[in-house]
Amino acid sequence: MALVSSALLAHTTDLELVIRHVLAGLGQGMHAGRERGAGVEFSEYRAYAPGDEWRRVDWKLLARADRYYVREAERDSHVALWLVLDASASMAEPSRSIDGLDKLGYARILLACIGAIAQRQGDAFGLAVLSGGRVRLVPAARGPRQLQRVLATLKQVKAEGDLPDAEVLRSGLRFTASPALIFAASDFLDWPSSLSNVLVRLRHMRHDVRAVCLQTEAECAGSFDSGPAYRDPEGGSAVFRFGADLREGYLRNRAQHFDSVSAALRANDVLQVDARIEQAPGEVLRQWLRQGGRR
Amino acid sequence: MNSLWWLALPTLLLPIWWHRKKRVQVKAEPLASARFLPRTEPRQMRVWRWSDIVLLIVRCLLLACAIAWLADPVFPWRGDTVVVAAGTDAQWTEREVQAAGFGAAARVALPAQRALAWIGAHEREFKPQARLLVLGDIPMPALLPQFRHPLVLRTLAKPLPPGAARVAIVSKRPQEWRRMFAALDGPLRVVLENVPGPKTELIVWDMPEAPPAALRAPLWWATDAGAFTELAQSQALGTLRYADGARGRVWASNAWPPQDPAAARALLESWRTLHYAPLPYTAPAQSFAPTRAAARGDANGALRDFLLLALISLFAIERILTHARRR
């Protein structure tokens with residue numbers, strides 16, 4: 001099945017629908033599942049919640065109790081997933097070619113898909129949204145309810161303000177010592193920033209850190225409209241101009257910036273995926289989830 | 001000069017400036033990667049754009065209306081005009097109009113006394129090439145009038161209205177008084193009565209006893225001052241004494257009835273002059289050439305009511321629109 005394009009995804013805000021389509025194109029088994037199947041030891045019954053798979057409902061118990069119960073299996077996954085979303089004001093940058101698509105929406109789709117995959121595999125996952133100088137945290141947990149919580153939080157996120165400063169971020173992201181997989185989506189226009197420091201620190205704590213750097217086609221090609229004046233959404237009241245004469249300088253400055261970003265990430269052994277938001281999310285997800293891409 | 005108010009018209013630039021000024025702003029779109037671009041000076045928008053055009057128009061109209069109300073404009077709209085004094089013979093009027101070639105001209109009927117004054121006050125309403133014809137028994141003005149339009153005056157003296165003053169003579173020697181009144185000439189006619197009535201204008205009281213208290217008249221001539229108590233506080237004018245009382249004005253003199261023609265004429269002349277308005281003298285027919293004299297009467301307020309109404313309506317609309325914009 002062909003990968004679902006960004007233009008198509010820009011039409012809906014229903015994350016569950018998006019997840020279903022993107023993951024259908026991606027195919028199953030991207031990530032090695034742990035402890036699935038018959039060998040799992042029974043732990044407890046739990047009341048059915050919307051989103052649970054039907055095959056996990058205990059039908060005999062339904063016949064006896066006239067209620068839906070789900071068999072919970074004892075699992076001890078050692079890996080927790082953390083989805084880190086940069087929702088500062090610059091993430092509202094729209095695609096200049098596809099209406100209704102912006103960096104935040106794209107990051108939202110990517111992280112929702114990762115969360116859905118984690119939920120299907122039985123991994124615990126949590127969400128941290130960095131927006132307006134604050135950290136909003138959904139603690140790591142398992143199960144379909146957790147997915148609903150994460151999706152609801154993602155839907156509410158608005159791109160505003162700056163990244164939280166280093167102190168706030170350090171107190172907000174208290175990860176356990178257990179090994180974690182960290183997926184961070186940002187535009188990395190601020191570098192070094194509090195987010196970059198945190199990612200490097202987490203990598204030094206032996207966590208698996210993977211960053212996706214979101215860009216737009218217009219940014220990469222330097223093809224902005226030269227008519228209007230521009231301002232930096234996080235940079236105060238200064239006014240900027242774009243024109244054909246400034247394109248070369250713009251591309252040079254930009255390449256220099258992202259070269260330094262890539263160098264820093266590589267030096268710290270953080271996986272970096274460059275993604276244009278006009279790309280199909282499936283492609284980006286495939287690169288992002290690639291096992292051993294770095295090792 | 002009211003027309004100096006037109007110099008206030010530049011105040012219309014104020015609302016235009018207010019509504020224009022708001023557009024002098026920089027509109028900048030957010031661009032995440034703006035930091036890779038060089039800074040520039042904020043540019044003002046070159047596009048001539050307006051905010052709240054309806055409100056601007058209403059405000060300009062409001063100001064213009066207020067200035068017009070103060071300046072009280074007059075638009076020349078009257079062409080050739082025939083001014084006919086009220087009560088003029090219709091046949092004669094037609095004849096004169098046709099003779100002067102004013103057949104198609106508009107006609108204005110006015111009281112004869114006010115005709116020339118009305119033309120002077122409304123002169124600004126006449127078009128520059130308009131001609132005027134004035135017909136009827138127009139009284140002669142004290143000063144030679146001047147007009148900015150050619151004006152032809154054709155007059156027809158009306159016969160004097162039949163009318164006479166009623167005089168009651170209460171005297172033991174009525175013949176002497178009657179002889180005096182019979183000698184009266186001029187426009188004033190006299191009807192002599194023996195018994196005073198309610199319409200009596202002059203009572204000659206040549207009796208030593210006081211008149212009945214209920215008897216009233218505008219003027220009394222008394223020969224015996226003792227008959228009238230109000231004469232106690234009278235004022236003297238030669239041999240004549242006069243006073244105002246409840247029953248009317250009293251003239252008293254011991255020298256009455258006058259014995260010589262000069263005294264009689266003087267008495268009758270004084271009475272006629274003081275108690276009867278002079279009859280107007282019909283002006284002779286003549287033509288007035290246009291002069292450059294300034295129009296008399298700065299304003300006539302022809303448009304004031306309309307402008308005031310428009311001013312109030314526009315003010316209400318302006319308030320409503322301003323309020324609606326704030327909501």
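Within helix 5 of chain A, the residues A:Gln146, A:Leu147, A:Val150, A:Leu151 and A:Leu154 come out as buried. Because these five span an arc of only 135° around the axis, they sit on the same side of helix 5 of chain A. That fits the usual geometry: an α-helix has 3.6 residues a turn, so residues three or four places apart point the same way. Turn to the other side of helix 5 of chain A and the picture flips, with A:Ala152, A:Lys155 and A:Gln156 exposed. It should be said here that the model is predicted.

As for the helix itself, helix 5 of chain A runs over residues 144-156, 13 residues in total. From first C-alpha to last it reaches 19 Å, close to the 18 Å expected at 1.5 Å a residue. The cover over its buried residues includes two helices of chain A, helix 2 (15-26) and helix 4 (103-121), along with strand 4 (124-131) and strand 5 (134-141).

Now for the contact between the chains. Chain A puts in 24 residues and chain B 17. On the side of chain A that touches chain B, the elements giving two or more residues are strand 8 (229-231), strand 9 (239-240) and helix 9 (244-267). Helix 9 of chain A gives the most to that side, with five residues. By character, the chain A side breaks down into 13 nonpolar, four polar and seven charged residues.

Strand 9 of chain A also pairs across the chains: two bridges join it to strand 2 (residues 39-40) of chain B, and the two strands run antiparallel. Here A:Phe240 stands opposite B:Arg39, a residue of strand 2 of chain B.

Conventions:
Residues are numbered from 1 along each chain as its sequence is written. Chains are lettered from A and ligands numbered from 1 in the order in which they are written. This is a predicted model: local features need pLDDT of at least 70, side-chain atom pairs count only at pLDDT 80 or more; totals for chains, interfaces and linings use all residues. Two residues are in contact if their C-beta atoms, placed from the backbone, lie within 7 Å. Helices (H or I, at least four residues) and strands (E, at least two) are DSSP runs, numbered from the N terminus. Ala, Val, Leu, Ile, Met, Phe, Trp, Tyr, Cys and Pro count as nonpolar, Asp, Glu, Lys and Arg as charged, and the others, Gly among them, as polar. Two strands pair if DSSP finds at least two bridges between them. The expected span of a helix is 1.5 Å times one less than its number of residues. A residue is buried if 20 or more other C-beta atoms lie within 10 Å of its own, exposed if 12 or fewer, and partly exposed in between; C-beta atoms are placed from the backbone. The arc is that of the directions from the helix axis to the C-beta atoms.
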